[in-house]
Amino acid sequence: MRKLLWPLCMVAVGYILATLSGCAPAEDLEQRAPAPSFIQLDRWPENEYTKHIPKPQDGEPDYAIFDALSGYYAIFLSDITRIEGERYIENLRQEGFIPRHIDAGEVNIGTILEKSGVYVGVSASDHGMGLYIAFS
């Protein structure tokens, strides 16, 4: 009997944790919120998220993803190098953003910076740069 109860308890605990963390079953999510929006870009977007960060001097805005439910806006740029991405990170620092985490490898760099409740995640390589903007 104990062998049968253990898996059932784990399933129940997993369901409760998923529900509490906002990760409900798929059918509930479909009824509650729209999917994140994919937006093709031909210029730097101006909105509530991007007004808090400087516009990159390098790269071409390619596309964005906006998720109103999760509260983030992500911008992806093409035609940019890792070095140019590192310059952008330095520009953010000069604007008062404080690095909270940095992970650099041979090919790419990723960092999370924060300023006054605005979080910016930057991931850059020689193939592009992604910016993730969220508020606390």
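## Close-up views of a predicted model

**View 1. Asp79 sits in the loop between β3 and α3.** Welcome to the first stop in this predicted model. The backbone of Asp79 has a phi near 55°, which is a positive value in a residue other than glycine. Is Asp79 buried or exposed? With a relative accessibility of 63%, Asp79 counts as exposed.

**View 2. Ser116 is found in the loop between β5 and β6.** Here is another backbone angle for you to check: phi of Ser116 is positive, at about 50°, although Ser116 is not a glycine. Ser116 has a relative accessibility of 70% and therefore counts as exposed, the cut-off being over 50%.

**View 3. Seven strands build an open sheet.** Following the sheet from one side to the other, you meet the strands in the order β1-β2-β3-β7-β6-β5-β4, with antiparallel pairing. Which strands lie at the edges? They are β1 (37-40) and β4 (98-104), each of which pairs on one side only. On average, neighbouring strands of the sheet are turned by 15° against each other, with direction ignored.

**View 4. Strands β4 and β5 run side by side in the antiparallel sense.** The pairing of β4 with β5 (residues 108-115) extends over six bridges. If you would like a position to look for, Ile98 stands opposite Glu114 in β5.

**View 5. Helix α3 lies across four strands of the model.** The helix spans residues 82-94 and lies across β4, β5, β6 (118-125) and β7 (128-135). Relative to β5, helix α3 runs at about 15°. How far apart in sequence are Arg82 and Glu86, which both lie in this helix? They are four residues apart, about one turn of the helix. Arg82 and Glu86 form a salt bridge, and their closest N and O atoms are 2.7 Å apart. Arg82 counts as buried at 13% relative accessibility, whereas Glu86, at 28%, counts as partly exposed.

**View 6. Arg87 and Asp58 form a salt bridge.** The closest N and O atoms of this pair are 3.4 Å apart. The bridge links distant parts of the chain, with Arg87 in helix α3 and Asp58 in the loop between β1 and β2, 29 residues apart. Arg87 is partly exposed at 47% relative accessibility, and Asp58 is partly exposed too, with a relative accessible area of 21%. It is worth bringing Glu84 into the frame as well: Asp58, Glu84 and Arg87 are linked in a network of salt bridges.

**View 7. Lys51 and Glu48 meet through their side chains.** How many salt bridges does a search of the whole structure find? The search finds six. In the one shown here, the N to O distance between Lys51 and Glu48 is 3.3 Å. Lys51 is exposed, with a relative accessible area of 57%, while Glu48 is partly exposed, at 44%.

**View 8. Tyr49 and Phe135 make a stacked aromatic pair.** The structure holds seven aromatic pairs. Why does the pair of Tyr49 and Phe135 count as stacked? The ring centres of Tyr49 and Phe135 are 4.8 Å apart and the planes are at 10°, so the pair falls under the 30 degrees used for stacking. Tyr49 belongs to the loop between β1 and β2 (60-67) and Phe135 to strand β7, so the pair ties together parts that are 86 residues apart in sequence. Tyr49 is buried, with a relative accessible area of 11%, whereas Phe135 is partly exposed, at 34%. Tyr49 and Phe135 also join Phe66 and Tyr73 in one aromatic cluster.

**View 9. Ile53 is a member of the largest nonpolar core.** Which of the 22 residues in this core touch the most other members? They are Ile53, Ile75, Leu92, Val122, Met129 and Leu131. At least two residues of the core come from each of β3 (72-78), α3, β5, β6 and β7. The largest share is supplied by β6, with four residues. Zooming in on Ile53, and leaving aside its neighbours within four places in sequence, you can trace contacts with Trp44, Tyr88, Leu92, Phe97, Val120, Leu131 and Ile133.

Key: Residues are numbered from 1 along each chain as its sequence is written. This is a predicted model: local features need pLDDT of at least 70, side-chain atom pairs count only at pLDDT 80 or more; totals for chains, interfaces and linings use all residues. Side-chain values use heavy atoms; hydrogens and water are left out. Two strands pair if DSSP finds at least two bridges between them. Axes are lines fitted to C-alpha atoms, for helices over the stretch in contact, and angles run from 0 to 180 degrees between N-to-C directions. Contact means heavy atoms within 4.5 Å. Rings of Phe, Tyr and Trp (its six-membered ring) pair if their centres lie within 6.5 Å; planes under 30 degrees apart count as stacked, over 60 as edge-to-face and the rest as tilted. Buried means under 20% relative accessible area, exposed over 50%, partly exposed in between (1.4 Å probe, protein chains only). A nonpolar core is a set of buried Ala, Val, Leu, Ile, Met, Phe, Trp, Tyr and Cys residues joined through side-chain atoms within 4.5 Å. A salt bridge is a side-chain nitrogen of Lys or Arg within 4 Å of a carboxyl oxygen of Asp or Glu.
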